Amino acid sequence: DSIERSGRPPEIVSPASGRIYALRPGDPSSAGIVLQARSEADVARVYWFQGKTFLGAAGPRESLTWRPMPGLHRIVALDDHGRSSSSTVTMQSTEMQ
């Protein structure tokens, strides 16, 4: 039996899907990417994954900081009702001048 999920999945606000982000090793201002999603009023927690790797959980109005490695990443936001959405981003390493 499949479980029908009502409501909308979390909408990933950050990171924006399809974007390329610059990572500058050694620069504290580029130390992380903010993970943030908009969700339905009935959501208590949003669970974040990079691929199948669990990154952490946050409340529906909270953000989480992710420290990615360079490369292509699929980010998934899963709410506590089983609804999910994903965003694909590219992280590029740049050298500090």
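This report describes the strands, sheets and selected residue environments of a predicted protein model.

## Overall composition

The protein contains eight strands and zero helices. Read from the N terminus, its elements follow the pattern β-β-β-β-β-β-β-β. Of the 97 residues in the protein, 33% are buried.

The accessible surface of the protein amounts to about 6,300 Å², and carbon and sulfur atoms account for 48% of this surface. Where contacts join residues at least 6 apart in sequence, 61% of them link residues at least 24 apart.

## The five-strand sheet

One open sheet is built from five strands in the order S2-S8-S7-S4-S5, with mixed pairing. Its edges are formed by strand S2 (20-23) and by S5, each of which pairs on one side only. From one strand to the next, the twist averages 30°.

Within this order, S4 has pairings with S7 and with S5. Strand S7 (residues 71-79) and S4 are antiparallel and share five bridges. In this pairing, Gln50 has Ile75 of S7 as its bridge partner.

## The hairpin of S4 and S5

Strand S4 (residues 46-50) and strand S5 (residues 53-58) also run antiparallel, joined by five bridges. Two of the residue pairs can be named here. The bridge partner of Trp48 in S5 is Gly56, while that of Phe49 in S5 is Phe54.

Two residues lie between the strands of this hairpin. Gly51 adopts a positive phi near 65° in the hairpin.

## The three-strand sheet

A further open sheet consists of three strands in the order S1-S3-S6, and its pairing is antiparallel. Strand S1 (11-14) and strand S6 (64-66) are at the edges; each has a single partner strand, so one side of each lacks a neighbour in the sheet. Neighbouring strands of this sheet are turned against each other by 40° on average, with direction ignored.

Strand S3 (residues 33-38) is joined to S6 by three bridges, and the two strands run antiparallel. Across this pairing, Val34 is placed opposite Thr65 in S6.

## The environment of Trp66

Trp66 belongs to strand S6. Its relative accessible area is 5%, and the residue is therefore buried, the limit being under 20%. When residues up to four places away in sequence are not counted, Trp66 touches Gly32, Ile33, Leu35, Gln50, Leu55, His73, Ile75, Val89 and Met91.

Among these contacts are Gln50 and Ile75, the two residues that are bridge partners in the pairing of S4 with S7. Another of the contacts, Leu55, falls within strand S5 (residues 53-58). The contacts of Trp66 also include Ile33 and Leu35, which lie in strand S3 (residues 33-38). Trp66 and Trp48 are separated by 18 residues in sequence, and their C-alpha atoms are 9.5 Å apart in space.

## The environment of Ser14

Ser14 is located in strand S1. With a relative accessible area of 19%, Ser14 is buried because the value falls under the 20% limit. Leaving aside neighbours within four places in sequence, Ser14 is in contact with Val34, Leu35, Gln36 and Trp48.

Of these contacts, Val34 is the residue that stands opposite Thr65 in S6, and Trp48 is the bridge partner of Gly56 in S5. Leu35 is a contact of Ser14 and is also touched by Trp66. Ser14 and Ile75 lie 61 residues apart in sequence, with a C-alpha to C-alpha distance of 9.9 Å in space.

## Aromatic and charged side chains

The distance of the centres and the angle of the planes describe a pair of aromatic rings. The count for this model is one aromatic pair.

An arrangement of a charged residue and a ring involves Arg19 and Tyr21. Arg19 lies over the face of Tyr21, at 4.9 Å from the ring centre.

Note on methods:
Residues numbered from 1 in each chain as written. Predicted model: local features only at pLDDT ≥ 70, side-chain atom pairs only at ≥ 80, totals over all residues. Heavy atoms only, no water. Pairing = 2+ DSSP bridges. Helix = DSSP H or I, 4+ residues; strand = E, 2+ residues; numbered from the N terminus. Buried < 20%, exposed > 50% of the residue type's maximum accessible area, 1.4 Å probe, protein only. Contact = heavy atoms within 4.5 Å. Areas by Shrake-Rupley, 256 points an atom, 1.4 Å probe, with all protein chains shown as cover. Phe/Tyr/Trp six-rings, centres within 6.5 Å; stacked < 30°, edge-to-face > 60°. Lys NZ or Arg CZ within 6 Å of the ring centre and 35° of its normal. Axes fitted to C-alpha atoms, helices over the stretch in contact; angles between N-to-C directions.
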